[in-house]
Amino acid sequence: MTAKSKPKLAVWKFASCDGCQLSLIDCEDELLAVTGEVEIAYFLEASRAVVRGPYDLSLVEGSITTAEDAERIRAVRRVSKTLVTIGACATAGGIQALRNFVDVEEYIAAVYAHPEYINTLATSTPVSEHVYVDFQLRGCPINKWQLIEVVSAYLNGRKPFIPTYSVCMECKRRGITCVMVAQGTPCLGPVTQAGCGALCPSYNRGCYGCFGPMDTPNPASLSEWWLKGLGVSTADLVRAWRGFNAYAEPFRKESEAHEHV
Amino acid sequence: MSMSRTIKVDALARVEGEGALTVTVRKGELKDVQFRIFEPPRFFEGFLRGRRYAEAPDITARICGICPVAYQMSSVHAMENAFGVTVDGPLRELRRLIYCGEWIESHALHVYMLHAPDFLGFEDAIRMAHKHPDAVKRGLRLKKAGNDIVTLLGGREIHPINVRVGGFYRVPAKREWMQLIEELKWAREAAVETVLWTGQFDFPDFEQDYEFVALRHPDEYPFNEGHIASNKGLDIEVRDFERHFEEEHVARSTALHAVRKTAGSGRQPYHVGPLARYALNFDKLSPLAQETAKAAGLRSVCNNPFQSIVVRSVETLYAVDEALRILENYEEPDRPYVPVTPRASTGYGASEAPRGLLYHRYEVDADGTILSACIVPPTAQNQKTVERDLWNFIPSRLDLSKEELTWQCEQAIRNYDPCISCSAHFLRLELRKS
């Protein structure tokens, strides 16, 4: 890279709601500063101009749900020096990964008026099941401050500082009374990675796991608490594990452990 | 010049999601127009089955990161309809308020970041910012004011966490609003400027005869409530939507195409969104919004889809005005939500997403488990109208260079602010086991 050329940023979309890439445009106060430091080389939601790769940093939103997309993500990897997945869809398969727990192939064939129009894989899988990923940014949606941290870390050749401890840490730091202990409200905070700022407890509700499993979680212990301590039904417990990060391994295994009990 | 050519835009830019356009011209004649949505289906209506009623607002929000509040609102209204609960007073006002926030952020995003670059000849807003820095900064700050409302009331701007069936998990105290009120006073001025700014753009002469469909309410510009009405005589209850409208499964799109079923003229395309709301509800806009619309050269009905950018700006102004009215009169409710008791029933809800009418229906069993769901988003409803616009738009422009015609066609699609990620998520999983 010469002193004059700016690093090229690309934003790619797979199966998703567009919310995580919108987080970049939602950096209203920082957007023009960021675009002063990087060349937005490929970002279809924002621009019809396309600059050819290779790209210094690729942000990938969305999960892989079609055969074409499984090919496309490999092509994206080939033209990207650094590839970062953004959000629960790209890092864990997203809410659409709920299909992974049912037999979708048979489902669709039995169900559609025109099954031949439908072009989809039986599963929704994270990008890391298909290509090497340099960094995974969690969240449904991602936190825009964490996004800025990741972008600036890679532009400066350092590792992003993204904590992997649980939501409980953020809750304690904010001085929020524990909703589970004080009110008996079921909360996934103890096993969910921080990043939202303990949003749900601060609004008087239990965490529902947007940021996926923390580093070394203990979901089995939390299930025990919910079932025995709070009287949550097994069906509700399974539903709770099967949310926006249902296919992330610790949550997936825990839901499967209780599914047929 | 030789007039056999194909115009293909493989991936439309500055729309939310993945769409493509193919236009075929043979011997100087327009032969085919295909606006395709190839966003992979995500099967929301499939996996909503078996979930709890209380999960519907959080799950359906994930259909669209640009308008999650719309999904939350249509779903909570449908559930409340199923359980026979009415939410009124300050809680109802707060729902209008969070919707104002979403309209402001979504409209400002489209007007400034996605659509204005077409009129001023830029590939995107970032390039536009070099020439028009003040306009882009105004747009970003206006968008932020909308996001601030959603964030304060919803917890965060994308996929807010505070909306529940019956109301909210927690309602903010009055003092938390104060800073927001000051910023919204600035936003009101900025919104007036936005209307006048977009009003000066050059618009192609392209008046169309649409059937406009939107909610209509006796006392207010519609967000959450009203009858479904049209300028061609339709006036129905929300629960009767599926009797008058139908979705077709078309090969080229992963989104279903909605049509209006009419007695005389078969299945007809129709138009939802800002132009439709405006045409049916001009009388309910605030005086400032009405005056500014007129000053920008609009009449009380606008049939030119290219002017939707002006109408979207007028709606932004209305939303700021309405947010200020609600905040200045806000009294804290005595409880954050009305308790609900599930019962076996079917509930219907419709609200006005930034892009137009958003219909939800849920069948729920006695303990509150969802048995079936039906969601009809605005872009699916506009798909046929977008194609019809292109059929009418292209023939008189066949002399343009391919590049120029391509850009103009893209612009004609962007008139609808299509939210393709929403519309493709609705391939229906109808279980018919024999």
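**A loop serine, a buried asparagine and the core around them**

S300(B) is partly exposed, because 13 other C-beta atoms lie within 10 Å and a residue needs 20 or more to count as buried and 12 or fewer to count as exposed. This comes from a predicted model. As for its place in the chain, S300(B) sits in the loop that links helix 10 (287-295) to helix 11 (308-328) of chain B. Going back ten residues in sequence leads to Q290(B), and the C-alpha atoms of S300(B) and Q290(B) are 8.4 Å apart in space. Between helix 10 of chain B and this serine comes G297(B), which takes a positive phi of about 95° just after the helix.

Helix 10 of chain B itself has a buried side and a side turned away from it. The buried residues are A289(B), T292(B) and A293(B). They span an arc of only 105° around the axis, so they end up on the same side of the helix. What do these buried residues of helix 10 of chain B pack against? Their partners are helix 7 (178-199) and helix 11 of chain B. On the face turned away from the buried side, helix 10 of chain B carries P287(B) and A295(B), both exposed.

Now for the nonpolar core. In soluble globular proteins, nonpolar side chains tend to be buried together. Here the largest nonpolar core has 183 residues, and the members that touch the most others are V60(A), I86(A), A214(B), V314(B) and L357(B). Helix 4 (residues 90-120) of chain B gives the most to this core, namely 14 residues. From chain A, domain 1 (8-155) and domain 2 (167-259) each supply at least three residues. Looking at A214(B) on its own, and skipping neighbours within four places in sequence, its contacts are P222(B), A229(B), V272(B), A276(B), R277(B), L280(B), N281(B), E352(B) and L357(B). Another core lies apart from the largest one; it has eleven residues, among them F35(B), V386(B), C409(B) and A412(B).

Chain A is built from twelve helices and five strands. A compact globule of 261 residues would have a radius of gyration near 18 Å, so the 20 Å of chain A agrees with that. Along the principal axes, its C-alpha atoms fill a box of roughly 60 × 55 × 25 Å. Some 52% of the residues of chain A count as buried. Of the contacts in chain A with a separation of 6 or more, 71% join residues 24 or more positions apart.

The domain assignment splits chain A into domain 1 (8-155) and domain 2 (167-259), with 26 Å between their centres, taken over C-alpha atoms. Where the two meet, 15 residues of domain 1 of chain A are in contact with twelve residues of domain 2 of chain A. On the domain 1 side, helix 4 (residues 88-92) of chain A has the largest share, three residues. That side is made up of seven nonpolar, seven polar and one charged residues.

Is N245(A) buried or exposed? N245(A) has 32 other C-beta atoms within 10 Å, so it is buried. Like S300(B), N245(A) is a loop residue; its loop runs between helix 11 (234-241) and helix 12 (249-259) of chain A. Leaving out residues up to four places away in sequence, N245(A) touches A88(A), A92(A), G209(A), G212(A) and F251(A). C17(A), by contrast, is 228 residues from N245(A) in sequence, with 15 Å between their C-alpha atoms.

Terms used. Residues are numbered from 1 along each chain as its sequence is written. Chains are lettered from A and ligands numbered from 1 in the order in which they are written. This is a predicted model: local features need pLDDT of at least 70, side-chain atom pairs count only at pLDDT 80 or more; totals for chains, interfaces and linings use all residues. Helices (H or I, at least four residues) and strands (E, at least two) are DSSP runs, numbered from the N terminus. The radius of gyration is taken over C-alpha atoms; the globule rule is 2.2 Å times the number of residues to the power 0.38. Two residues are in contact if their C-beta atoms, placed from the backbone, lie within 7 Å. Domain bounds come from an automatic or database domain assignment. Ala, Val, Leu, Ile, Met, Phe, Trp, Tyr, Cys and Pro count as nonpolar, Asp, Glu, Lys and Arg as charged, and the others, Gly among them, as polar. A nonpolar core is a set of buried Ala, Val, Leu, Ile, Met, Phe, Trp, Tyr and Cys residues joined through C-beta atoms within 7 Å. The arc is that of the directions from the helix axis to the C-beta atoms.
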